[in-house]
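Trainee: I'd like a close look at one thing here: the empty space. Please walk me through it slowly.

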Amino acid sequence: MKSTSETTMKPKEYTKFKDFYPFYLSQHQHPVCQWLHFAGSLLIVLVFGYILITQTWWMVFLLPVIGYGFAWVGHFVFEKNRPATFTYPLYSLLGDWVMFWQMLKKIFIRSA
């Protein structure tokens, strides 16, 4: 269960990603939301690879739909919060990839 401070934590003016990232993580507490972000990011990597191999350049337009589609379902359905992307688009994009990398490392550490 989330504490009141986690659910009501409001964005402030962040000027450094290292200060923003704890807020970003506070907005991604639900495991399903985290895994939806992970799935969307993984699909982006796979589709991007497919685009490069097949040179199907029009598919580049699908990348934001894939990434944001999975992430926003996680926020609106499971977290019940507003994605930080609306306020901090660049930091949120970076946060997605940092969280993806951290989750990927956990998967490989557990399987080792």
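Mentor: Let's get one word straight before we start: a residue is buried when its relative accessible area is under 20%, exposed when that area is over 50%, and partly exposed in between, with a 1.4 Å probe and protein chains only. By that rule, 34% of the 112 residues of the protein chain are buried. Keep in mind that this is a predicted model, so local features need pLDDT of at least 70 and side-chain atom pairs count only at pLDDT 80 or more, while totals for chains, interfaces and linings use all residues. Residues are numbered from 1 along each chain as its sequence is written, and side-chain values use heavy atoms, with hydrogens and water left out.

Now the overall layout. The protein chain has five helices and zero strands, and its pattern along the sequence reads α-α-α-α-α. Helices here are DSSP runs of H or I with at least four residues, strands are E runs of at least two, and both are numbered from the N terminus.

On to the empty space. We work on a 1 Å grid over the protein atoms alone: a cavity is a set of points where a 1.4 Å probe fits but cannot get out, a pocket is an open set with protein on both sides within 12 Å along at least five of seven lines, and lining residues have an atom within 4 Å of a point. Points are joined across faces, edges and corners, and a volume is the space filled by probe spheres set on them.

The largest pocket has a volume of about 230 Å³. Look for Leu25, His28, Gln29, Gln34, Trp35, Met99, Gln102, Met103, Lys106, Ile107 and Arg110, which line it. Helix H3 (31-54) and helix H5 (89-111) each supply at least two of those residues, and H5 gives the most, with six. Sorted by class, this lining has five nonpolar, four polar and two charged residues. Here Ala, Val, Leu, Ile, Met, Phe, Trp, Tyr, Cys and Pro count as nonpolar, Asp, Glu, Lys and Arg as charged, and the others, Gly among them, as polar.

The second largest pocket comes in at about 160 Å³. Among the residues lining it are His37, Ile44, Leu63, Gly67, Tyr68, Leu93 and Trp97. H3, helix H4 (62-79) and H5 each contribute at least two residues to this lining, and H4 has the largest share, with five. The classes here are seven nonpolar, four polar and one charged.

What about closed space? There is one cavity of 30 Å³ or more, and the largest cavity holds about 50 Å³. Its lining includes Tyr24, His28, Tyr68, Trp72, His75, Pro83 and Asp96. H4 and H5 each supply at least two lining residues, with H4 giving the most, four. That lining divides into six nonpolar, five polar and one charged. If you search for shared residues, His28 lines both the largest pocket and the largest cavity. Tyr68 does something similar, with a place in the lining of the second largest pocket and in that of the largest cavity.

Next, what is packed around these spaces? A nonpolar core is a set of buried Ala, Val, Leu, Ile, Met, Phe, Trp, Tyr and Cys residues joined through side-chain atoms within 4.5 Å. The largest one here has 12 residues, including Phe17, Tyr24, Phe38, Ala84, Met99 and Met103. Helix H2 (17-26) and H5 each supply at least two residues of this core, and the largest share, five residues, comes from H2. Another core, of six residues, lies apart from it, with Ile44, Ile51, Met59 and Ile66 among them.

Met103 is a good one to click on, being in the lining of the largest pocket as well as in the largest nonpolar core. Leaving aside neighbours within four places in sequence, Met103 is in contact (heavy atoms within 4.5 Å) with Gln34, Trp35 and Phe38. Gln34 and Trp35 line the largest pocket too, while Phe38 is part of the largest core. Zooming out to the whole chain, take the contacts between residues at least 6 apart in sequence: 65% of them join residues at least 24 apart.
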